[in-house]
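Reader: I should be grateful for a close look at a single part of this model, together with the contacts that tie that part to its surroundings. Please proceed residue by residue where that helps.

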Amino acid sequence: MNELAADTLPVLEKQFGISIPNTSAHTREQIETLLAEHLVYMLHYEMEKLLQALYRIDVDEKKVKAVFAQNNPKVIAPALAALIMDRELQKAQSRRDHKQN
């Protein structure tokens, strides 16, 4: 796992209440898979909490609406996980860029 992906783990753990061991063995895809599994649960039982987390993370609302149009949690969860990872990686890169300047 690259450093940017590692920087996303604390945010994911805080926003979604999941535990992802911080090891270099995890790839982005593995993190997305773990997140997607938790998102399926949230889609069924904690929708309000999920929507609040998406808002706090600042995932693009148009993209989220397009994903929810799928209307199948097993399709929605991996797509949301990818959007969440994309956004968190963007934020991590931005923090690093500003830190270097």
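Author: The account may begin at the start of helix H5, where a side-chain oxygen of Asn72 comes to within 2.9 Å of the backbone nitrogen of Lys74. The model is a predicted one, and every value here is computed from it.

Helix H5 covers residues 73-100. Its 28 residues, at 1.5 Å a residue, should span 40 Å, and the C-alpha atoms at its ends are 40 Å apart, so the expected and modelled spans agree. Several of its side chains are buried, among them Ile76, Ala77, Leu80 and Ala81. Further residues of H5 that are buried include Leu83, Ile84, Met85, Leu89 and Ala92, and the list also contains a glutamate, Glu88.

The charged residues of H5 lead to other parts of the chain. Arg87 forms a salt bridge with Asp58, with 3.2 Å between the closest N and O atoms. This pair links distant parts of the chain, for Arg87 belongs to helix H5 while Asp58 sits in the loop between helix H3 (47-57) and helix H4 (61-68), 29 residues apart. Arg87 has a relative accessible area of 22% and is therefore partly exposed. Asp58, at 46% relative accessibility, likewise counts as partly exposed.

The loop that holds Asp58 is followed by helix H4, which has a salt bridge of its own. There the side chains of Glu61 and Lys65 meet at 3.4 Å, N to O. Because Glu61 and Lys65 are four residues apart in helix H4, about one helical turn separates them. Glu61 is exposed, with a relative accessible area of 54%, and Lys65 counts as exposed at 56%. Elsewhere, salt bridges that share partners join Arg28, Glu32 and Asp86 into one network.

Within that network, the side chains of Arg28 and Glu32 meet in a salt bridge of 2.5 Å, N to O. Both residues lie in helix H2 (residues 28-45), four residues apart, which is about one turn of the helix. What is the exposure of Arg28, and what is that of Glu32? Arg28 counts as partly exposed at 25% relative accessibility, whereas Glu32, at 16%, counts as buried. By the rule applied here, the count of salt bridges in the model comes to five.

Helix H2 also packs against H3. The axes of H2 and H3 come within 6 Å and cross at roughly 120°. That angle makes H2 oblique to H3. On the H2 side the residues in contact are Leu39, Met42, Leu43 and Tyr45, and they meet Met47, Lys49 and Leu50 in H3.

Another residue of helix H2 is His38. His38 counts as buried, at 18% relative accessibility. Leaving aside neighbours within four places in sequence, His38 is in contact with Phe16 and Ile18. Ile18 lies in the loop between helix H1 (3-16) and H2, and at 13% relative accessibility Ile18 counts as buried. Not counting residues up to four places away in sequence, Ile18 touches Leu12, Glu13, Leu35 and His38. The C-alpha atoms of Ile18 and Leu34 are 8.8 Å apart in space, although the two residues are 16 residues apart in sequence.

Key
Residues numbered from 1 in each chain as written. Predicted model: local features only at pLDDT ≥ 70, side-chain atom pairs only at ≥ 80, totals over all residues. Heavy atoms only, no water. Helix = DSSP H or I, 4+ residues; strand = E, 2+ residues; numbered from the N terminus. Expected span 1.5 Å × (residues − 1). Buried < 20%, exposed > 50% of the residue type's maximum accessible area, 1.4 Å probe, protein only. Polar contact = N/O pair within 3.5 Å; in protein donor to acceptor, adjacent residues only side chain to side chain. Salt bridge = Lys/Arg side-chain N within 4 Å of Asp/Glu carboxyl O. Axes fitted to C-alpha atoms, helices over the stretch in contact; angles between N-to-C directions. Parallel < 35°, antiparallel > 145°, perpendicular 65-115°, else oblique. Contact = heavy atoms within 4.5 Å.
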